Each structure stands twice: as structure tokens, then as C-alpha cells.
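Got your viewer open? Load the model below and follow along, one selection at a time.

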Amino acid sequence: MSCLFCKIVDGSIPAKHVYDDELCVAIADIHPQSPTHLLVLPRKHISSLANAAAEDQALLGHLLLTANALAQQSGLVNGYRTVINTGDDGGQTVDHLHLHLLGGREYGWPPG
Ligand code: 5GP
Ligand code: ZN
């Protein structure tokens, strides 16, 4: 298995884990773009949102609810940004689906 995030999920590559459950793992991003920058990774290898299937529906919902729980635990009372980069145009650099949780500052819209 050559997937970086699969190796982080199974513990063979170290990361700062902030949350783990039976479906997902949350880690601190190694290059944080905000005071809070967490990545929520499904334990299941799904290469991108474009390759998620109907059977992943509950898992995808779990990632979102986990992100919100982590945002609340992180004290992001003024809001936060969740991002899933998909494919080359989306800026995805690691081909294992992951949700960014960003907070602690304001974000612009539209994105750059
Ligand atoms: P993407 O660009 O695919 O949406 O996001 C990938 C994210 O993974 C980037 O924000 C990058 O900083 C982060 N990242 C890449 N390699 C590692 C790593 O080895 N450990 C951690 N914790 N984050 C990583
Ligand atoms: Zn993977």
C-alpha cells in the first residue's frame, strides 16, 4: 500500500492525531493554513470524492459531522471552513479522500 494517508491511518507513518473512531481519523495538517487546520480521513481508502460510491453515503456524512464536532471542540464559535479538494482542478495533492477543517481566521469568497 503506497498511499500516504492509509499509512497515517494505520499508524505506520506518524501524525498528530486529534481524534480516532471506527470510521475516521483526524490529524493536524503538516502545513497548517490557519490557526486550526485539521484533516479528517476516512479509514477506508477512497481516492477522491469523485470516486466515492452510494455505499459511502453514511461515511461521507460521518466525516462532516465529525468535522463539526471537532470545530466545536476547537472553540471555533465564529465559524469555520470545510474543504474537500477533488482532482487536479480542485487542487487535490493526496489521493485519499480527506476533509480540511480550517478555522481561527476569516476566509474570502470566492476562493482563489
Ligand atoms: P489536498 O491538497 O490533497 O487537499 O490536501 C493535502 C493536505 O495534506 C495538505 O494540506 C498537506 O499539507 C497535507 N499533508 C501532506 N502530507 C502530509 C503528512 O505527511 N502529514 C500531515 N499531517 N499532513 C500532510
Ligand atoms: Zn489511502
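Here comes a short tour, starting with the ground rules. This is a predicted model, where local features need pLDDT of at least 70, side-chain atom pairs count only at pLDDT 80 or more, and totals for chains, interfaces and linings use all residues. Residues are numbered from 1 along each chain as its sequence is written, chains are lettered from A and ligands numbered from 1 in the order in which they are written, and side-chain values use heavy atoms, with hydrogens and water left out.

**Stop 1: the ligand.** Select ligand 1 and show what is around it: 16 residues surround it, the closest being Ala28, Asp29, Asn85, Thr93 and His100 (a residue counts if one of its heavy atoms lies within 4 Å). By class, this shell holds 8 nonpolar, 7 polar and 1 charged; Gly goes with the polar ones, and Asp, Glu, Lys and Arg are the charged types.

Now turn on polar contacts (N or O pairs within 3.5 Å). A polar side-chain atom of Asn85 sits 2.8 Å from an oxygen atom of ligand 1, and His100 also places a polar side-chain atom 2.8 Å from an oxygen atom of the ligand. For Ile30, pick the backbone: a polar atom there is 3.3 Å from a nitrogen atom of ligand 1. On its own the ligand exposes 510 Å², and the protein buries 83% of that (Shrake-Rupley, 1.4 Å probe).

**Stop 2: the elements around it.** Color by DSSP runs (helices of at least four residues, strands of at least two). Helix H1 (4-10) and strand E2 (24-28) each give two or more residues to the shell, with the largest share, 3 residues, coming from H1.

**Stop 3: the hairpin.** Stay on E2 and add E1, residues 17-20: the two pair antiparallel over 3 bridges (pairing takes at least two DSSP bridges). They form a hairpin with 3 residues between them. Click Asp20 to find Val25 of E2 opposite.

**Last stop.** Jump to Trp109 and Pro110, joined by a cis peptide bond with omega about 5°. Pro110 lies in the segment after strand E5 (99-103).

Conventions: A polar contact is a pair of N or O atoms within 3.5 Å; within protein, one must be able to donate a hydrogen and the other to accept it, and residues adjacent in sequence count only if both atoms are side-chain atoms.
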